[in-house]
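Here are a few notes to go with your first look through this one. Have the viewer open beside you as you read.

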Amino acid sequence: ILKLIGRRLQPLGYTIRSSIVDFRRYGVPHHRERLLSMQLPHAKLCSPKRCLRLNRMGISTTGDLARADLPNLAAQFGAPRKALKVLKQYRRAIRFSASVPGMMPRDALLLISIHRRSVRGLATESPARLYRDLERFAESTQGRQQLRGRRIPSTRRLKKWITECETVASGARFQA
């Protein structure tokens, strides 16, 4: 995340904050910064009605949702336990997608639904097997509900994510 100091952009560190700099003017940010500054309706992580409700609660970007106090936020919903579970899934999807370049939170939510929850685990997958599991999930009731008429990611996109995860996982191995 970047902050404008004078005429140069400086990193703010590891804090998750909504967009500070006009990215159209100062260049394209990295995937993580772009993702965390994305408005909730554009991320298509939840329904428009839920996005509007979260916006009224002060959560307008995916970064806001990632750093929000979920128990207090869930208490404002009609069914706090169910809301807490769903909000935790959203947070998990945002964090997972932020660690894999090119992945959106809605795609990460699909992968989490078929029990692919980590970068290291995704790095060991084959695109064909992952696609087959996504097809099976898409035929289920929960899958149809979650996809809402969209198609599942292509094998080309899955292969790209797996390659990115292999790169990240091998880099983490050498640093340890």
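1. Before anything else, keep in mind that this is a predicted model. A good place to start is the second largest pocket, where α7 gives the largest share of the lining, with five residues. Both α4 and α7 supply at least two residues each to that lining.

2. If you want to find this pocket by residue, look for Lys49, Arg50, Arg53, Phe77, Gly78, Ala79, Lys82, Ala83, Val86, Leu87 and Tyr90, which line it. Sorted by class, that makes six nonpolar, one polar and four charged residues. The volume of the second largest pocket comes out at about 270 Å³.

3. Now the largest pocket, which holds about 420 Å³ of space. Elements giving two or more residues to its lining are α7, α8 and α11 (141-147). Here the largest share is from α8, which contributes five residues.

4. Which residues lie nearest the centre of the largest pocket? They are Gln89, Tyr90, Leu109, Gln146 and Arg148, out of 17 lining residues. The lining splits by class into six nonpolar, six polar and five charged residues. You've met Tyr90 already, since it is also listed in the lining of the second largest pocket.

5. Helix α7 keeps turning up, and it deserves a closer look. It covers residues 80-99, 20 residues in total. From first C-alpha to last it reaches 29 Å, close to the 28 Å expected at 1.5 Å a residue.

6. What does α7 bury, and against what? Its buried residues are Ala83, Val86, Leu87, Tyr90, Arg91, Ala93, Ile94, Phe96, Ser97 and Ala98. Note that an arginine, Arg91, is on that list. These buried residues pack against α2 (31-36), α4 (48-56), α5 (62-67), α6 (70-74), α8 (105-113) and α9 (119-123). Of those partners, α4 also helps line the second largest pocket, and α8 the largest one.

7. Finally, the cysteines. How many disulfides does a search of the whole structure find? Zero. Cys46 is in no disulfide, and the nearest cysteine sulfur to it, that of Cys51, is 3.2 Å away. Cys51 is likewise in no disulfide, with the sulfur of Cys46 as its nearest, at 3.2 Å. The pair doesn't count because a disulfide needs the two sulfur atoms within 2.5 Å.

8. Are these two cysteines buried or exposed? Cys46 is buried, at a relative accessible area of 5%, and Cys51 counts as buried too, at 4% relative accessibility.

Technical notes
Residues are numbered from 1 along each chain as its sequence is written. This is a predicted model: local features need pLDDT of at least 70, side-chain atom pairs count only at pLDDT 80 or more; totals for chains, interfaces and linings use all residues. Side-chain values use heavy atoms; hydrogens and water are left out. Helices (H or I, at least four residues) and strands (E, at least two) are DSSP runs, numbered from the N terminus. The expected span of a helix is 1.5 Å times one less than its number of residues. Buried means under 20% relative accessible area, exposed over 50%, partly exposed in between (1.4 Å probe, protein chains only). Contact means heavy atoms within 4.5 Å. On a 1 Å grid over the protein atoms alone, a cavity is a set of points where a 1.4 Å probe fits but cannot get out, and a pocket is an open set with protein on both sides within 12 Å along at least five of seven lines; lining residues have an atom within 4 Å of a point. Grid points are joined across faces, edges and corners, and a volume is the space filled by probe spheres set on the points. Ala, Val, Leu, Ile, Met, Phe, Trp, Tyr, Cys and Pro count as nonpolar, Asp, Glu, Lys and Arg as charged, and the others, Gly among them, as polar.
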